[in-house]
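Welcome! Please take a moment with the sequence and the model shown here, and then we can walk through them together.

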Amino acid sequence: MQPANAYMVKYKEDWYRLYHIHYQQYPDDCIENIFWLEKAAQADFANPLYANAKITTEKEWEKYRYLFQMHINLKLIEQHLRLGQTYDKKTAYFYDAPWKDEYLRNLEKTLSCYNAGLYYWQEAQLWAEKANVKDFTFLFITDVQNWEDERERIKTGELDYGKMLSREIKRVEEVRDTFLAMESKRY
C-alpha cells in the first residue's frame, strides 16, 4: 500500500469541485454546499493552466473569471432557495395555531435564506454585466457553455432570480403576518 499525498484546497476551482448536489438534499447538504461556494467566491483563481476551461488569451482569462464569479453566485442562490424551502410554510391554516411560534421561527429562517439569495443575485448581475461588455461580444468560452448560457439568460431577463425571490419574500411575509394575527389555541 502506497501512502497518499495530501492535497491543499486553496483556489476557487478547488473549492468549487467540493460543491455537489445529492439526489435527496437535506439542510446539512445545503449548508455544506454554501460553505464550499462561499470559500470559492473568496479564494484566488488558480493559474489559467488549471482553469475549468481551456484558456489561451488574456481576454479569455478575464471573461472566464467574470463568468466563474457569476456562476458561483447563481449556485449560492440555488442553495439558499433549497435551504429556505426546507423551513418554508407555504400556507398558514387555522389548525396550525398551537405550533405558531415554531412556524414563525422557521419562517424567519426562510426569510433569512431568501434575503441572502437577493444579495447573491445582485452579485451575479454585476459579474454578468462585466462579462457582457463590448470587448467580449464575439468571445465565447465553449468549455463552460452553461455559464455562457446563464450570462445570456441574465442579459435578456429570461433568468431573473430577483423577481422570483422578491415574490417569495412577499408571500412568506404574508404567511408570517397571518400567523402573528392568530391566537394560540388548541383544536
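What follows is a short tour, from the whole protein to two of its helix pairs.

This is a predicted model, in which local features need pLDDT of at least 70 and side-chain atom pairs count only at pLDDT 80 or more, while totals for chains, interfaces and linings use all residues. Residues are numbered from 1 along each chain as its sequence is written, and side-chain values use heavy atoms, with hydrogens and water left out.

Let us begin with the overall layout. The protein has six helices and zero strands; here helices (H or I, at least four residues) and strands (E, at least two) are DSSP runs, numbered from the N terminus. Read from the N terminus on, the elements run α-α-α-α-α-α.

Next comes the overall form. The C-alpha trace spans about 70 × 55 × 25 Å along its principal axes. The radius of gyration of the protein is 20 Å, whereas a compact globule of 187 residues would have one near 16 Å; this radius is taken over C-alpha atoms, and the globule rule is 2.2 Å times the number of residues to the power 0.38. Of the 187 residues, 44% are buried, meaning under 20% relative accessible area with a 1.4 Å probe, protein chains only. Among contacts (heavy atoms within 4.5 Å) with a separation of 6 or more, 79% join residues 24 or more positions apart.

Now to the helix pairs. Two packed helices are described by the angle between their axes and the distance between the axes. The axes are lines fitted to C-alpha atoms, for helices over the stretch in contact, and angles run from 0 to 180 degrees between N-to-C directions.

Look first for helix H2 (residues 27-42) and H3, whose axes come within 9 Å and cross at roughly 160 degrees. H2 and H3 are therefore roughly antiparallel, a label for angles over 145 degrees. The residues of this contact divide into 11 nonpolar, five polar and four charged. Among them are Ile31, Ile34 and Leu37 of H2, and Ile72, Leu76 and Leu83 of H3.

Helix H3 (residues 58-87) also packs with helix H6 (residues 161-181), at an angle of about 20 degrees and with the axes 12 Å apart. H3 and H6 are therefore roughly parallel, the label for angles under 35 degrees. Where do H3 and H6 meet? Leu74, Ile77, Glu78 and Leu81 in H3 meet Tyr161, Met164 and Leu165 in H6. The residues of this contact divide into six nonpolar, no polar and one charged. In this scheme Ala, Val, Leu, Ile, Met, Phe, Trp, Tyr, Cys and Pro count as nonpolar, Asp, Glu, Lys and Arg as charged, and the others, Gly among them, as polar.

Note on methods. Angles under 35 degrees count as roughly parallel, over 145 as roughly antiparallel, 65 to 115 as roughly perpendicular and the rest as oblique. Buried means under 20% relative accessible area, exposed over 50%, partly exposed in between (1.4 Å probe, protein chains only).
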